[in-house]
Amino acid sequence: MCGIAGFYASPLPALKYPDVVQDMLAQIEHRGPDEAGCFLDDRMAMGTVRLSIIDLSTGSQPMGSPDGRYWLCYNGELYNYRELRSELTRLGFAFRTRSDTEVVLLAWAAWGAACLKRFNGAFAFSLFDSVTGELHLARDRYGKRPLFVARHEGGWLFASEMKAFLAYPGFRFSFDAPQLASMFATWTPLPGQSGFRDIEQLPMGEYLTIDGTRAERRRWAALDLVGGAPPATEEEAVELVRAELDAAVDVRLRSDVEVGVYASGGLDSSILAHLVARRSDVPLRTFSLQFEDAEFDESAEQNALASHLGVDHSALRVSDSDVVEAFPEAVRHAEVPVFRTAFVPMYLLAEHVRSQGIKVVLSGEGADEAFLGYGIFKDTRLLSEWNDLDDDERMSRLGRLYPYLGHFNGEDGQRRMLGLYQQFTEERLPGLFSHQMRFQNGRFATRLLKDAGDPFAALQELVAEESGYAELSAVQKAQWLEFRTLLSGYLLSTQGERMALAHGVENRCPFLDPAVVRLATSVNQRFGDEYDEKYLLKRAYADVLPARIIEKGKFPYRAPDSAAFVRSNSDYRDLLTDADTLDEIGVLDPRFVRRFTDRIFDSRPERIGTKENQTFVFLASTIWLHHWFVRGHARRRDPLDVPMHVVDRRSDALSA
Amino acid sequence: MEQELKQYMEEQFMFEFDSEITEDSDLFKAGVIDSFGYITLIGHIEQEYDVKLGEEALLGNVMVSLSGIVGFVESARSRTSENG
């Protein structure tokens, strides 16, 4: 894994390019502590910090095409690089290394941007065409690897993580209030959002071409959820699921270093642990979290899995105070406001994994989105059929929605749910029917802001402009929203790759192989019981996993939220209500912030609901983001720890 | 009872009834109430005022505004006392 950073059409004198790009890379050195390199031209500068995983000796960057036309800074892994390499070799391209980086470079030389459609991988890269002077910035189809682009004084800055911009002379961070409102209400940044003014995320499945002073964004991969014709029988579907997951795991085990697995005790990661253990000559190493609080703990399932598969399992026990203590540093890596603390234990887990000598892990992200594992899909189905059902049927289905949530169950629980669900049977937010209940809860957090405007305007615009969205079924729309918001905006990023890469650990997600997602969309809701989530996945692996894992049902991964802060560190009351800080931030409403913070610290934890917990974590993370980015304390002053390999094509350098 | 319930709701949902959010406002539409809050509110009303909210009340959208709730609870109580 790697990090990239650079700038284009900068008004800075070219003389300063090497120092600036080196300083930007130093800010993200955690992403790639093994090597560093940069490419300098009169028009731009870019560089890479590299974590060596494939072709440790010769995969160095920046890499240029043999004719010197194309230059690449690449972050990620191309899982089908061997197949593409063979194809390019047949076309007459000669390779100097075994690395996937060279395959990306020559694929672009051969096919231009059309190469992207052939890629199965998790990547973000910058590619400079020295003949046309164009800079291309590209990102993978699901948003696995990050890429931020900032406008500053007529130039463009880009980097894997925004903190690199802290090293660019004169660049300052400031919060974007409408984006914060959208994030607070919908839980995550939307695909293009960063939370800060003048900084955009390149959306997943898109590439940006900058040519002189013009920039154009194009989409290379749409999210296709309609699916093809389903197999004729359930048996066939099960076989296909097994075959596609086998293939997805096989290509993700292509690595020159040992690969571990995050095994939470849930179904998805247990499937991965089983598939990898079966392919490994040495005992597979698996990793998980354990919590003091039994409400969040899954150690019984983890132990059952470990003994069943004979893997070498290592669990990290995380306490409330660990979460509170690591929170600021984890927010520094998250870089965006966050709605729950579950990313913090993942930060600690990555640290643990790296200390055990592991650089690559497989994890289960994407399974719930691809195979409709979340409760929101069942909710959506029920709500879209609500008006056709009688009260008894409604009650019976409500009872099957969330068997693990106490307040949903028992006669009283279901009866009360009836009144709640009734509120969401009409589409009040155009295009967002499936998510209205979630967003209703999200409205509360927007009260942190002085002026929240319409917090759903940005998301409504996004779906209104998406071609084909209106024709999707209610459940498919919910799935589209999950892929485009929570998956990419939080699970893959804040909770996934940002926490792993903070410690130089690369995560890979077999369930997000395009072929797996394509198959899932073809078989979803065609077989089995619609209220038994991930029915086919369970069927496919019931005979090889412990029964308690198959039968447990969906157990959401969570961690203690506001209660941990209240119990462990009362300084937070002062930190969150500091008048100078709130005044500097400007966009927060100090009166509400104070009243809300008092409420959290003065109430019994059981009186604090989900919306209050989320609001609390949004508030705390925003305060820390202000500290790290707006005030600039995330700026690292140390130079890179590794020597820089420089390719200098500036005219001064050539004449010297 | 109206005053007590009003105070409970203001404290629970952290807002004040005013000219924008009135006793007749649909508190869902106003963005004041959330799912956990709703379930807690229904539980509170049933326990505190000793009424049981039937499916008709829950589905009929009377339990979403202060005036709706007060009206329902008062008529339910008067029915109970008449019957008793």
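Begin by selecting helices α5 (residues 234-252) and α6 (residues 267-279) of chain A in this predicted model, which pack with their axes 10 Å apart and at an angle of about 65°. Because angles of 65 to 115 degrees count as roughly perpendicular, α5(A) and α6(A) are therefore described as roughly perpendicular to each other. Viewed as a crossing, α5(A) passes α6(A) in the right-handed sense. To see what makes the contact, display the side chains of Leu245(A), Asp246(A) and Val249(A) on α5(A), together with Ile271(A), Leu272(A), Leu275(A) and Val276(A) on α6(A). Of these residues, six are nonpolar and one is charged, while no polar residue takes part.

Next, colour the open sheet of five strands in chain A, whose order is β15-β14-β13-β16-β17 and whose pairing is parallel. Its edges are formed by β15 (312-318) and β17 (506-508) of chain A, each of which pairs on one side only. On average, and with direction ignored, neighbouring strands of this sheet are turned by 30° against each other. Within the sheet, zoom in on β13 (residues 259-262) and β14 (residues 285-291) of chain A, which are joined in the parallel sense over two bridges; here Tyr262(A) has Phe287(A) of β14(A) as its bridge partner. Then add helix α7 (residues 299-309) of chain A, which lies across β14 and β15 of chain A and runs at about 165° to β15(A).

A second helix pair can be selected from here: helix α8 (residues 320-334) of chain A and α25(A), whose axes come within 9 Å and cross at roughly 70°. That angle makes α8(A) roughly perpendicular to α25(A), and the crossing is right-handed. On the α8(A) side, show Phe327(A), Pro328(A), Val331(A) and Arg332(A), and on the α25(A) side Ala620(A), Ser621(A), Trp624(A), Leu625(A) and Trp628(A), since these residues make the contact. The contact of α8(A) with α25(A) divides into seven nonpolar residues, one polar and one charged.

Keep α25(A) selected and bring chain B into view. How many residues does each chain give to the contact? Chain A contributes 20 residues and chain B contributes 16 residues. On the side of chain A that touches chain B, the elements giving two or more residues are α13 (410-422), α14 (436-442), α24 (590-602) and α25 (610-630) of chain A. Among them, α13(A) gives the most, with six residues. Colouring this side of chain A by residue class shows five nonpolar, eight polar and seven charged residues.

Now move to the other sheet of this tour, an open one of six strands in chain A with antiparallel pairing and the order β4-β5-β6-β7-β11-β12. The strands at its edges, β4 (63-64) and β12 (214-219) of chain A, each pair on one side only. Select β6 (residues 121-129) and β7 (residues 134-139) of chain A to follow the six bridges that join these antiparallel strands, and note that Phe125(A) stands opposite Ala138(A) in β7(A). Helix α3 (residues 100-111) of chain A packs on this sheet, where it touches β4, β5 (70-78) and β6 of chain A, and its direction makes about 125° with that of β5(A).

Finally, zoom out to chain A as a whole, which has 26 helices and 18 strands. Its radius of gyration is 24 Å, close to the 26 Å that the globule rule gives for 656 residues, so chain A is as compact as a globular protein of that length. Along the principal axes, the C-alpha atoms of chain A fill a box of roughly 85 × 60 × 45 Å.

Conventions: Residues numbered from 1 in each chain as written. Chains lettered and ligands numbered in written order. Predicted model: local features only at pLDDT ≥ 70, side-chain atom pairs only at ≥ 80, totals over all residues. Contact = placed C-beta atoms within 7 Å. Helix = DSSP H or I, 4+ residues; strand = E, 2+ residues; numbered from the N terminus. Nonpolar A, V, L, I, M, F, W, Y, C, P; charged D, E, K, R; others polar. Pairing = 2+ DSSP bridges. Axes fitted to C-alpha atoms, helices over the stretch in contact; angles between N-to-C directions. Parallel < 35°, antiparallel > 145°, perpendicular 65-115°, else oblique. Left-handed = near helix turned anticlockwise from the far one by under 90°. Rg over C-alpha atoms; globule rule 2.2 N^0.38 Å.
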